Amino acid sequence: MTTSIFTDFRTLLIIVLIIVATIVSAYSFKYLTEKYIKKLVLTKHIDPTSYVFAKKVITAIIYIIGMSFALVQIPEMKIVGHSLLAGAGILSLVAGLASQQALSNIMSGFLIVMFKPFKINDRITFNQTYTGVVEEINLRQVVLRDFENNRVIVPNSVISTQVVVNANLTETKVCKMIEIGIGYDSDIGKALKIMEEEIMKHPLHIDNRTAEDKQNNVPEVVSRVVALGNSSVTLKAWAYSDTSSNGFIMYCDLLRSIKERFDEEKIEIPYNYQNVIIKKVE
């Protein structure tokens, strides 16, 4: 009888100690994480959502494990305790599986920083859809600033598997192709010369020729007839600028200046039109 009472008292003491340890551990973890999250928010201005979520999940796991160990001490409740421990294990497994994407993003971020397919301030296009300047590369994502000053957030694991066009990988120089159609009755030689002249006198145009090209008298600006369409002859000229932003400005300016010169020289730029015939019904 005495042994039974002693055993019951010992079991009760162990259960109380387990419950106290669980509560202390949970509250200590909660206090330390809340303090850490507040510090991050104040100093680095981060979004605390993910940290708060992780804190709640881990706190719940601590309580489940503590309750499970307490129930295991009672012979009649051992099965329930083992079931709760298994549930905690499953919850941990689910959390681990959910974090695989996060780990993938982290590894992809390290690979991006290591091999440098692009870096901060590079202008890139990926997935043939999104174009912008790389503003930030962190452990989870790449932040792009597009031309409308929007931020495009791309997970590292996504952008690392896409084809990326980097305008600044080895040099910032860019080639802009000026393509314009003229009428079949227009003077092709004069039109090509006008395009070359307008490109050469633009302040943002640069000479892309090598020393060897200059020795071989390669022209500074090359223009060609590239297509004979249904209603127009397509002309194309290649113009170079030092950066993509200057290249875009140059391209827009050249479209206007070439159009104005064509108007002065009576070179037709054809456009679609329709004839409407109205028949009088008698």
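Which residues line the second largest pocket? This tour of a predicted model begins with that pocket and then turns to a pair of helices.

**First stop: the pocket**

Select Asn121, Arg123, Val133, Phe147, Asn168 and Thr172, and add Val174, Lys176, Thr243, Ser244, Ser245 and Phe248; these residues form the lining of the second largest pocket. The space inside amounts to about 280 Å³. Sorted by class, the lining consists of four nonpolar, six polar and two charged residues.

Next, colour strand β6 (174-182) and helix α8, the elements that each contribute two or more residues to this lining. Helix α8 provides the largest share, with three residues.

**Second stop: the helix pair**

Keep α8 (residues 244-264) selected and add helix α6 (residues 188-200). Two packed helices are described by the angle between their axes and the distance between the axes. Here the axes of α6 and α8 come within 10 Å and cross at roughly 140 degrees. Because of that angle, α6 is oblique to α8. The crossing of the two helices is right-handed.

To view the contact, show the side chains of Ala191, Ile194, Met195, Glu197, Glu198 and Ile199 on α6. On α8, show Leu254, Ser257, Ile258, Arg261 and Phe262. Coloured by class, the residues of this contact divide into seven nonpolar, one polar and three charged.

Technical notes
Residues are numbered from 1 along each chain as its sequence is written. This is a predicted model: local features need pLDDT of at least 70, side-chain atom pairs count only at pLDDT 80 or more; totals for chains, interfaces and linings use all residues. Side-chain values use heavy atoms; hydrogens and water are left out. Axes are lines fitted to C-alpha atoms, for helices over the stretch in contact, and angles run from 0 to 180 degrees between N-to-C directions. Helices (H or I, at least four residues) and strands (E, at least two) are DSSP runs, numbered from the N terminus. Angles under 35 degrees count as roughly parallel, over 145 as roughly antiparallel, 65 to 115 as roughly perpendicular and the rest as oblique. A crossing is left-handed if the near helix is turned anticlockwise from the far one by less than a right angle, and right-handed if clockwise. Contact means heavy atoms within 4.5 Å. Ala, Val, Leu, Ile, Met, Phe, Trp, Tyr, Cys and Pro count as nonpolar, Asp, Glu, Lys and Arg as charged, and the others, Gly among them, as polar. On a 1 Å grid over the protein atoms alone, a cavity is a set of points where a 1.4 Å probe fits but cannot get out, and a pocket is an open set with protein on both sides within 12 Å along at least five of seven lines; lining residues have an atom within 4 Å of a point. Grid points are joined across faces, edges and corners, and a volume is the space filled by probe spheres set on the points.
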